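Here's a small set of exercises to work through with the structure open beside you. Try each task before you read its solution.

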Amino acid sequence: MPLSKILLKSGVNRENTRYTNEGGWYESDKVRFRQGAPEKIGGWTQYSPNTFLGVCRALWSWVTLAGETLIGVGTNLKYYVLKGIAYYDITPIRKTVTLTNPFTATNGSAVIAVSETNHGCVQGDFVTYSGSGIVGLGGNITAAVLANTFQIVFIDDNNYTITVAATANATDAAGSPGGGSVVTQYETNTGPSYQVPLNGWGGGTWGGGTWGNGSNTTTALMLWNHYNFGEDLIYGPRGQGVYYWNATVGYEPVQITISIATPGVITLPAGFSFPDGTTISLTSTGALPTGLTVGQVYFVVNSTGGTFNVSTTINGTPINTSGGQSGIQKISNRGINIASVGDADCPLYQNYILVSDTSRFVLVFGTNDYGETYLDPMLIRWSNQESPFTWTPAITNQAGSVRLSHGSQIVMAVQARQEIIVFTDTALYSLQYVGPPFVWSSQLLGDNISLVGPNAAALASGVLYWMGVDKFYTYDGRVQTLTCDLLRYVFNDFNRLQSQQVYCGTNEGFNEVWWFYCSKDSTAVDRYVIYNYSEKVWYYGNIARTAWLDSGLLPFPIGTTYNNKIVQHEDGVDDVETGTPVAIPANISSSEFDIGDGHAFGFVWRVLPDLTFTGSVAPGSVSGVVYPTPEVAMTLYPMQNSGSGVGNPANAAVLQGSTYNITEKFTGQVYTRVRGRQMILKMSSTNLGTTWQMGATRIDVRADGRR
């Protein structure tokens, strides 16, 4: 028999039986397709050796006027700005209060009880204590021990505990409650790292579940929404406030000594200057100048060089500060709630944030109406153009709102070409700028459409792709169902109670859209499925990534891991998340294909793999790491027929699949002993420094005696 060429179709298909998909691929992991040929995906390296707190659920990048590339990192516990390899904590302050003697110590314990009526905290929140009035409890619990940031253990609405870096003694217990006058700053509420099931009455929708048993639902994830406004940032946790971060002040608190040259005029040390509109707040280790309050957000006005006034509103009346001060002032650059400094109708809540490319409107989706304090999940509001602090509609501005009608809540929005695509839980809308008096108009694009989560859609090459609750969709001017060759595989092994963890991102360098999700029995992201929109094929595998951001302003796409790190993908061929290279196992298996015509048994005695290792690391030692010869294992699984399973019990030693290691850079041939009517071909690699691409494999078959 002459050599038979095995040319398999591009992409992985699991919608039918393995034999029905003859001529295609059936299983894959960490393998993609390029020009129809399978190859191992690229490796990843650590973007920064530093780590963040919590599980990351949001990434965003932008560039400042100084040319610095920043990355916003939102986790279930914190929000950071990553500059270079350093993380700067800019988690907004939810509330600042002054407490009197709030601390109670127990002899022999480092756990301190804190009392505050209606503190508004939840489990895991962060609190910072400061101020010149803070004092110790008399023993080991000194003022220096208390003047720090702590994570809260929730007890009830009026009490919580913290753990300090010292053990209280009898003197501390006797001095409780104490602490003096304590400036207390609470960060925005934290949230769970995964959706926690709630069962019984109150869990799920009204009337859900069987009688007497109630229903089940999950607590929402802590998800951040963010978008840059020029070099500044508009951001906030889903369901909470809208915050503004000013890049001018810097990325971490600045300790300086301010002085009052003349009443109302603040003088900064040499080298410091803040332009008008900069937002600042002060934390003092001494007395503040008269008229200023610790924790209050101020706007810089009348800035000239190193001197300026401050006001409680943007472009407002300067405060007539007076007197000196006896301690160092810390100018903090946490995000400020626009509702505390903007006009009277600034949004109190948001379920999604976006800044339009047209005229720079700040749009919030799912928010409170004018004069109301409850959240309307179907309401869209926008600020005046170029003004994130002006939200009250007037004849002199373009602030306004519109309420959508199809669905029960807005889930997310995507900036597309000349329109903003808005998802509700049942419909798709187009939001377009039309100018005064309506400003933004909405148009229904499609109904009875689902979106599985707030991060489950992405725009690639002008086309929108998203994952619904039971299928995939696309929008390129019209809404269509996206044909998926892995539909049953994905949704039959998908944890629907963790749908908010689904994260969609693009990898434009390879024409791919990625979805990361939780498999059926997992509460952590462990799977991915990819659609290659250039070749219109699908493939899948196992990778744990909680958030994703395409290259764009960055040299490589980045993703976040459960080790609290950012890694950059398509960089090298190995896993270098920890700084030490680790091999990335990759494999792909074909569907069953006939040997010859599949009628009689064939004996495969020779295979010409046609495999290239171009891009692999050359064997040897590099920086103390020993790289072996690049190698791929080819496994042939013979079968009597499509329903017989692999091998033949009568001749197991001969008919069981055999594995052959291929190490040549450009492969020649390998000799085999395999008999069957059908066969499955598998390629896999586990070696450090190895990458590969498969071509057109050929097999040499002889007619076999068995019929």
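**Exercise 1. In which order do the strands of the open four-stranded sheet lie, and in what sense do they pair?**

Step 1: Walk across the sheet and you get the order β11-β12-β16-β15, with antiparallel pairing. Strands here are DSSP E runs of at least two residues, helices are H or I runs of at least four, and both are numbered from the N terminus. Two strands count as paired if DSSP finds at least two bridges between them.

Step 2: Look for the edges. β11 (103-104) and β15 (153-156) each pair on one side only.

Step 3: Zoom in on one edge. Two bridges link β11 to β12 (residues 111-115), in the antiparallel sense. F103 has V114 of β12 as its bridge partner.

Before you go on, a word on the model. It's a predicted one, where local features need pLDDT of at least 70 and side-chain atom pairs count only at pLDDT 80 or more, while totals for chains, interfaces and linings use all residues. Residues are numbered from 1 along each chain as its sequence is written, and side-chain values use heavy atoms, leaving out hydrogens and water.

**Exercise 2. Find the stretches where pLDDT is below 50 or under 50**.

Step 1: Start with the overall picture. The average pLDDT (the predictor's confidence in each residue, from 0 to 100) is 87, and 87% of the residues score at least 70.

Step 2: Now pick out residues 200-216, where pLDDT is below 50; beyond near neighbours in sequence, this stretch has 21 contacts in the model. A contact means heavy atoms within 4.5 Å.

Step 3: Do likewise for residues 648-657, where pLDDT stays under 50 and the model has 17 contacts beyond four places in sequence. Where pLDDT is low, don't read the predicted coordinates in detail.

**Exercise 3. Why is β17 described as largely enclosed, and which strands pair with this strand?**

Step 1: Check burial. Six of the seven residues of β17 are buried, so this strand is largely enclosed by the rest of the structure. Buried means under 20% relative accessible area, exposed means over 50%, and partly exposed is in between (1.4 Å probe, protein chains only).

Step 2: Find one partner. β10 (residues 93-100) runs antiparallel to β17 and is joined to that strand by seven bridges. Here I93 sits opposite E187.

Step 3: Find another. β13 (residues 126-130) pairs with β17 through four bridges, again in the antiparallel sense. T128 stands opposite Q185 of β17.

**Exercise 4. Describe the surroundings of E570**.

Step 1: Place the residue. E570 lies in the loop between β49 (566-569) and β50 (575-576).

Step 2: Is E570 buried or exposed? The relative accessibility is 17%, so E570 counts as buried.

Step 3: List side-chain partners. The E570 side chain makes polar contacts with the side chains of R32 (2.8 Å) and N507 (3.0 Å). A polar contact is a pair of N or O atoms within 3.5 Å; within protein, one must be able to donate a hydrogen and the other to accept it, and residues adjacent in sequence count only if both atoms are side-chain atoms.

Step 4: Add other neighbours. Not counting residues up to four places away in sequence, E570 touches several residues, including I41, F510 and P557.

**Exercise 5. Which residues have the most contacts inside the largest nonpolar core?**

Step 1: Know the term. A nonpolar core is a set of buried Ala, Val, Leu, Ile, Met, Phe, Trp, Tyr and Cys residues joined through side-chain atoms within 4.5 Å.

Step 2: The largest one has 129 residues, and F365 and W515 have the most contacts inside it. β35 (residues 410-416) gives the most to this core, with six residues.

Step 3: A second, separate core of 22 residues includes I152, Y160, V164 and Y186.

**Exercise 6. Where are the cis peptide bonds at P177 and P437?**

Step 1: Remember that most peptide bonds are trans.

Step 2: S176 and P177 are joined by a cis bond, with omega about -10°. P177 is in the loop between α2 (170-174) and β17 (181-187).

Step 3: The bond from P436 to P437 is also cis, with omega near 5°. P437 lies in the loop between β37 (427-435) and β38 (439-447).
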